Amino acid sequence: MRVYVNDLTTGELVARELETHEYPSQITVFCDRCGDEVTGDYVVSEHMTSPERLEVARAHLRGEGWVCDKTGDYCPDCKTKVGHRG
Ligand SMILES: [Zn+2]
């Protein structure tokens, strides 16, 4: 199956041929401070747990300036206001 998903490095939509264990999934990440949400289509594997699937989306958002770690998910506007360094 061929699908269009956000490329993890460029963020642009790219065509991808899926393996049999893979499927496209719409994943939403919320900013823990302002509630801003970003939804994207990502390729996940049926072998992944749900935290691992969320991590796929978070990895993409880190490239967009988000801070996503064990303290929570923060959009580019909020990450500086919650005392994150770097
Ligand atoms: Zn925010």
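Trainee: What share of the contacts with a separation of 6 or more comes from residues 24 or more positions apart?

Mentor: The share is 43%. Two residues are in contact if their C-beta atoms, placed from the backbone, lie within 7 Å. This is a predicted model: local features need pLDDT of at least 70, side-chain atom pairs count only at pLDDT 80 or more, and totals for chains, interfaces and linings use all residues. Residues are numbered from 1 along each chain as its sequence is written.

Trainee: How do you know how confident the predictor is in the chain?

Mentor: Look at pLDDT, the predictor's confidence in each residue, from 0 to 100. The chain averages 88, and 93% of the residues score at least 70. Confidence is lowest in β1, at a mean of 81. Strand β6 (residues 72-74) has the highest, at 95.

Trainee: What makes up the fold, and in what order?

Mentor: There are two helices and six strands. Both kinds are DSSP runs, numbered from the N terminus: helices are H or I with at least four residues, strands are E with at least two. Along the sequence the pattern is β-β-β-β-α-β-β-α. The C-alpha trace spans about 45 × 25 × 20 Å along its principal axes.

Trainee: Why are β3 and β4 called paired?

Mentor: Strands pair if DSSP finds at least two bridges between them. Strand β3 (residues 22-30) and strand β4 (residues 37-45) have nine, so they pair. The two strands run antiparallel. As an example, serine 25 has tyrosine 42 in β4 as its bridge partner.

Trainee: What lies between β3 and β4 in the hairpin?

Mentor: Six residues do. In that turn, glycine 35 has a positive phi of about 80°.

Trainee: Why does cysteine 68 count as buried?

Mentor: A residue is buried if 20 or more other C-beta atoms lie within 10 Å of its own, exposed if 12 or fewer, and partly exposed in between; C-beta atoms are placed from the backbone. Cysteine 68 has 21 such neighbours, so it is buried. This residue sits in strand β5. Leaving out residues up to four places away in sequence, cysteine 68 touches Arg58, Leu61, Arg62 and Asp73.

Trainee: And why is glycine 40 called partly exposed?

Mentor: Its count is 18, so glycine 40 falls in between. Glycine 40 belongs to strand β4. With the same sequence neighbours left out, glycine 40 touches Asn6, Ile27, Ala57 and His60.

Trainee: What puts proline 76 in its class?

Mentor: Proline 76 has 13 C-beta neighbours inside 10 Å, so the label is partly exposed. This proline lies in helix α2 (residues 76-79). Beyond residues up to four places away, proline 76 touches Gly65 and Trp66.

Trainee: How much of the chain is buried?

Mentor: Buried residues make up 15% of the 86 residues.

Trainee: What makes a group of them a nonpolar core, and which residues form the largest one?

Mentor: A nonpolar core is a set of buried Ala, Val, Leu, Ile, Met, Phe, Trp, Tyr and Cys residues joined through C-beta atoms within 7 Å. The largest has nine: Ile27, Cys31, Ala57, Leu61, Trp66, Val67, Cys68, Tyr74 and Cys75. Two elements, α1 (50-62) and β5 (67-69), give two or more residues to this core. In soluble globular proteins, nonpolar side chains tend to be buried together.

Trainee: What does tryptophan 66 contact, beyond its neighbours within four places in sequence?

Mentor: Leu61, Asp73, Tyr74, Cys75, Pro76 and Lys79.

Trainee: How do you know that the length of α1 fits what is expected of a helix?

Mentor: The expected span is 1.5 Å times one less than the number of residues. Helix α1 has 13 residues and reaches 18 Å from its first C-alpha to its last, close to the expected 18 Å.

Trainee: Which residues of α1 are buried, and what covers them?

Mentor: Ala57, His60 and Leu61 are buried. Their cover includes β1 (2-6), β3, β4 and β5. Leucine 54 is in α1 too. With 18 C-beta neighbours inside 10 Å, leucine 54 is under the buried cut-off of 20, so it counts as partly exposed.
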